[in-house]
Amino acid sequence: MELPNRQLLRPDYRSGYLDLIFRYILSLLPKPGKLFNHSNDSITMSSTTPPDLSLSTPSKEYPLPAMSETEEEAATAQHPEATDRREKTTHLNFMRQALAMAERALDTNETPVGCVFVHKGAVIGRGMNATNRSYNGTRHAEFMAISSILSEPAPVSPPAPDGCGPDGAGDRHALGGEARGRGKKYSPDVLMECDLYVTVEPCIMCASLLRQVGVRRVFFGAGNEKFGGTGGVLNVHRGNGKIVLDESGADGGRRREESDYEVSGGWLRDEAILMLQRFYMQENDRAPEPKARGKKGVVLAGVEVDVEVDLPDPVRDDEDDDLSDGGHGTES
Amino acid sequence: MNPKDTSQHTPKEIDSKLALRLVTGRLVPLKTTLEISARYSVVNVYIAAVFPTQKASAALNLAGKLVPNDGGLNLQHLSRFAKYAELPETIRTSISSTQPPESPFLEHNAKYFIVGSTVAIAEQDLIEALSSVLDRVLVYTAPVPLLAPTSQEQATLWTSKYWRTTFNKNHSFGPHPHLLSKGEEEIREDVAKWMNLAAEVARESNKTGSGEELGVVVIGRWNGIARPIAVAGDGRWLDWPREGYGNVTAHAALRAIGMVAEGLRRKEESEQTQGTIEEGIFQDQPYGVIEKELYRPSEGSDGYLCHNLEIYCTHEPCVMCSMAIVHSRFGKVVFGQRMPKTGGLCADGDLGHGLFWRKELNWTLHAWHWEFDAVGPGADFDGNA
Ligand SMILES: [Zn+2]
Ligand SMILES: [Zn+2]
């Protein structure tokens, strides 16, 4: 959906990160129509009314899966509102932990995007963006978290004392000694039972990674209109992003595929954006050297900021900087 | 493992290394998503005859009020007016079948114009409104191209098929044709060499069991001289249980990007200040013989990721790797086998993402499919490359 009057608000708006801020500002304005298009048949986030923006609550409710099979849970399920609140609190709690990771990234001058992987109700891995530190533009929080989970060595003895989820050593993915002979705590298919909480919508690359490792559900904070792979630009979580046109030419008629995963956005979005804003201020204060202009940028987790480009100062002329507009399209 | 960059391999030595299995082919530039969609999308519009022709501007004004902004369409590539003689033959036939032979609507110079999208107003309402300014009203519905044509040939075809269409060469749907052909000239001479090298490292990966038969070569080109910087085979089964899809972070392209990054890090950070980077599950160290031999990270890019380097892949990279290539700001990508079900680069595969050139993304690069003259390596692989 086209955002209204974007050009008027900011004629030279270019970076993905500023885009986020814009979306945030614009989202505060009343506007009709669909805000999210990353729904699928099993979850509905498409909306004809604006989400409640008064609080940092998710834009749309997630249909509630049974949390456990105990009688107590079953009883709670008869009172949807109560379960609803409990469920929401759980998600917000994990998202706060993801935000804590983003904050850590901020402290080390990395773009503040953080995430946690949750397995059977417990966090088993954390990640934060590491693109600057590694000189590698693919080291996004999701990659870092998956790497840390799957490379964690198997505890020698006693087996899994600190537990790896409520099931402890009984968990078939955490084999106490070693997972499938790798000498690791977790076997790769543990990810198929994991939910991801990430402060910014996964980019297309990470959305594909998540699909390939078989993650179960993804909860994110801020949407990412520039790089997003779970609704922002593509819908990789559904049918690998393939667009199936039905007879009327509308995008629909998708069948659910095995590696599809569920996605819910808007969780603590304001906090996630605030974190990006803080990063932006911080990088501005660090005043990059002029000679680095056009060369060095800060590599973000699927959101890109060219530090000295797109300053909010309207007097500044950035027209000579060709970096943010990409390569061959703008060369002459 | 800390490969030193002292060995000086000349391209000649690489040549002889690859002389055994020389596979030739030709470069075919990829189509962008815009080029693909422009070809197929049509939209229904109302077209009205103007009689008498002096009422043209009055009719146009009215249409502007009835269907503001053409009903949300951008039809800049279509002429607003067309003469009867300029209408496609099929339309002329159907108009003439409903009109008496002496009808003014059938005169050569009879004027017709596009009112706008059929979604915006009901036909009956339109006819009623038009009869307030025109003496006689004729309205028909016809498909017209939704997006601007990407070439003069396309414009000519559309004119004969739909409506007068103009081609604007400044309207961009993909890489600038001049830059694209300049780029192709640059790589044409040695593309076969790098593609063969990619095939070679793919075979090695497969043979050693470290991965599938997939491989990539990263090239830097300075003053017209191309040098390999990193060569990587697929590494999904390195230190990994043989089940599922393997280590997704060890796809050949990601490994090569990691190798280049590691080189940059070593160059930028002196040994004292060098931080430790935990390896985790990443396979960013050269592993096989070819990988070690040709790993020369000090010849790396201009210091920012893989800025303007070239990457040659045996297979069209998966969605993840395609986006990784965009994130890393490569300048050119060439791949051998198309992967319609899983590939992220092509705009005309099953997925149609065309990630090498999309307006939303902040980086675009040139991309070619290298059509083999023979069967390439790993031809039966159908997973995520
Ligand atoms: Zn990402
Ligand atoms: Zn891949």
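Student: Which residues are the protein donors of the zinc ion (ligand 2)?

Tutor: Donors are N, O and S atoms within 2.8 Å of the metal (3.2 Å for Na, K and Ca), and water is not among the atoms, so sites may look incomplete. In this predicted model, the zinc ion (ligand 2) has as protein donors His251(B) through ND1, Cys318(B) and Cys321(B) through SG, and Ala385(B) through O, at 2.1 to 2.4 Å. The model is predicted, with local features needing pLDDT of at least 70 and side-chain atom pairs pLDDT 80 or more, while totals for chains, interfaces and linings use all residues; side-chain values use heavy atoms, with hydrogens and water left out. Residues are numbered from 1 along each chain as its sequence is written, and chains are lettered from A and ligands numbered from 1 in the order in which they are written.

Student: What is the arrangement of the 4 donor atoms around the zinc ion (ligand 2)?

Tutor: Four donors count as tetrahedral if all angles lie between 85 and 135 degrees; four count as square planar and six as octahedral if opposite donors are over 155 degrees apart and all others between 65 and 115; anything else is irregular. Around the zinc ion (ligand 2) the angles are 96 to 122°, so the arrangement is tetrahedral. The spacing of the donor residues in sequence is H-x66-C-x2-C-x63-A. Cys318(B) sits in the loop between β8 (310-315) and α12 (319-327) of chain B, and Ala385(B) in the segment after β10 (366-372) of chain B, so this pair ties together parts 67 residues apart in sequence. Helices (H or I, at least four residues) and strands (E, at least two) are DSSP runs, numbered from the N terminus.

Student: Are Cys318(B) and Ala385(B) buried or exposed?

Tutor: Buried means under 20% relative accessible area, exposed over 50%, and partly exposed in between, with a 1.4 Å probe and protein chains only. Both Cys318(B) and Ala385(B) are buried, and Cys318(B) has 0% relative accessibility.

Student: Which residues are the protein donors of the zinc ion (ligand 1)?

Tutor: The zinc ion (ligand 1) has His140(A) (ND1), Cys203(A) (SG) and Cys206(A) (SG) as protein donors, at 2.0 to 2.3 Å. Their spacing in sequence is H-x62-C-x2-C. His140(A) belongs to the loop between α5 (131-134) and α6 (141-151) of chain A, and Cys206(A) to helix α7 (residues 204-213) of chain A, so the pair ties together parts 66 residues apart in sequence. His140(A) is buried at 1% relative accessibility, and Cys206(A) is buried at 0%.

Student: How many disulfides does the structure hold over all chains?

Tutor: A disulfide is a pair of cysteine sulfur atoms within 2.5 Å. The structure holds 0 over all chains. For Cys115(A), the closest cysteine sulfur is that of Cys206(A), and at 8.5 Å it is too far for a bond. Cys115(A) is also buried, at 0% relative accessibility.

Student: What is the strand order of the open sheet in chain B?

Tutor: Strands of a sheet pair through backbone hydrogen bonds, either parallel or antiparallel. Two strands pair here if DSSP finds at least two bridges between them. The open sheet of 6 strands in chain B has the order β1-β10-β9-β8-β6-β7, with mixed pairing. At its edges are β1 (25-29) and β7 (225-233) of chain B, each with a single partner strand, so one side of each has no neighbour in the sheet. From one strand to the next the twist averages 25°.

Student: How many bridges join β8(B) to β9(B)?

Tutor: β8(B) and strand β9 (residues 332-337) of chain B run parallel and are joined by 5 bridges. Within this pair, Tyr312(B) stands opposite Val334(B).

Student: Which strands does helix α10 of chain B touch?

Tutor: Contact means heavy atoms within 4.5 Å. Axes are lines fitted to C-alpha atoms, for helices over the stretch in contact, and angles run from 0 to 180 degrees between N-to-C directions. Helix α8 (residues 177-188) of chain B lies across β1, β6 (215-222), β8, β9 and β10 of chain B, at about 50° to β10(B). Helix α10 (residues 252-268) of chain B packs on the sheet and touches β6, β7 and β8 of chain B, its direction making about 120° with that of β7(B).

Student: In chain A, what sits between β1(A) and β2(A)?

Tutor: β1(A) and β2(A) form a hairpin with 2 residues between them, and Lys120(A) in the turn has a positive phi of about 50°. β1(A) and strand β2 (residues 122-128) of chain A pair antiparallel over 6 bridges.
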